[in-house]
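Student: I am new to this structure and would like a close look at one part of it. Could you walk me through that part and then show me how the rest fits around it?

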Amino acid sequence: MPIQPDYETASEPKSDRKYFSVAEANRALPYVRRIVEDVRQTYREAVALQERVERPMPGEDADTLQDQYAASIDQLNHFVDELHQVGVELKDYDLGLIDFPALHEGREVCLCWRRGEDTIVAWHETAAGFAGRQDLTLLHPTKL
């Protein structure tokens, strides 16, 4: 059964944006996967540091903790920038949720990948987000 698009929330293609085919997204996954692991680790470190900044242990230097926290946020931003350079969007730091912009039937959709998945297996309308994930097999394969 073909997918019936919700054209009221469909996004028009943008000329300055990279769009991925399923094959291109799958080829990019090894690199994206490594960055996502770095993001998850750095994010967890930043959260732990933030807690220590807010409630330092006796003897901990607040300025040092704040500097470490700022450095971890800078590193996290660097990793997010790397993902943007690839052309993908990080949607969840801890889950490792990534959207690859794609075109389907003349409108923008997202190929959706989550840490732990071997390949791209899902997609969603741009406004639907993770909750609107649908199996990739529902898209007509020659049109994506």
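Student: Which side chain does the side chain of Arg 107 join in a polar contact?

Tutor: Happy to help! Keep in mind that this is a predicted model. The partner you are looking for is Glu 125: its side chain and that of Arg 107 are joined by a polar contact of 2.8 Å. Arg 107 belongs to strand 3, which covers residues 107-114. With a relative accessible area of 3%, Arg 107 counts as buried, because the cut-off for that word is under 20%.

Now let us step back to the chain as a whole. Its secondary structure consists of 2 helices and 5 strands, and from the N terminus the elements follow the pattern α-α-β-β-β-β-β. The strands make an open sheet of 5 strands in the order 1-2-3-4-5, paired antiparallel. Two strands stand at the edges, strand 1 (89-92) and strand 5 (134-135); each has a single partner strand, so one side of each lacks a neighbour in the sheet. As a general point, the strands of a sheet pair through backbone hydrogen bonds, and they can do so in a parallel or an antiparallel way.

We can walk across the sheet from strand 1. Strand 1 and strand 2 run antiparallel and are joined by 3 bridges. Here Asp 92 has Leu 97 of strand 2 opposite it. These two strands form a hairpin with 4 residues between them, and in the turn Gly 96 has a positive phi of about 70 degrees.

Next comes strand 2 itself, residues 97-104. Of its 8 residues, 7 are buried, so strand 2 is largely enclosed by the rest of the structure. Its antiparallel pairing with strand 3 runs over 8 bridges, and Leu 103 is found opposite Glu 108 of strand 3.

The link between strand 2 and strand 3 deserves a pause, as it leads to the strand that holds Arg 107. This hairpin has 2 residues between the strands. Glu 105 lies in that loop, and its phi is positive, about 50 degrees, although Glu 105 is not a glycine. Unlike the buried Arg 107, Glu 105 is partly exposed, with 38% relative accessibility.

On the other side of our walk, strand 4 (residues 122-125) and strand 5 are paired antiparallel over 2 bridges. Ala 122 has Asp 135 of strand 5 as its bridge partner.

What about the nonpolar part of the interior? The largest nonpolar core has 26 residues, and those that touch the most other members are Val 32, Ile 98, Phe 100 and Leu 111. Two or more residues of this core come from each of helix 1 (22-54), helix 2 (62-86), strand 2 and strand 3. Helix 1 gives the most, with 8 residues. Strand 3, where your arginine sits, is therefore among the contributors to this core, as is strand 2, with 7 of its 8 residues buried.

A few values for the whole chain round off the picture. The chain has 144 residues, and 38% of them are buried. It exposes about 8500 Å², with 50% of that supplied by carbon and sulfur atoms. Among contacts between residues at least 6 apart in sequence, 50% join residues at least 24 apart. To return to your question, the 2.8 Å polar contact links the side chains of Arg 107 and Glu 125, and Arg 107 is buried.

How values were computed: Residues numbered from 1 in each chain as written. Predicted model: local features only at pLDDT ≥ 70, side-chain atom pairs only at ≥ 80, totals over all residues. Heavy atoms only, no water. Buried < 20%, exposed > 50% of the residue type's maximum accessible area, 1.4 Å probe, protein only. Polar contact = N/O pair within 3.5 Å; in protein donor to acceptor, adjacent residues only side chain to side chain. Pairing = 2+ DSSP bridges. Core = buried A, V, L, I, M, F, W, Y, C linked by side-chain atoms within 4.5 Å. Contact = heavy atoms within 4.5 Å. Areas by Shrake-Rupley, 256 points an atom, 1.4 Å probe, with all protein chains shown as cover.
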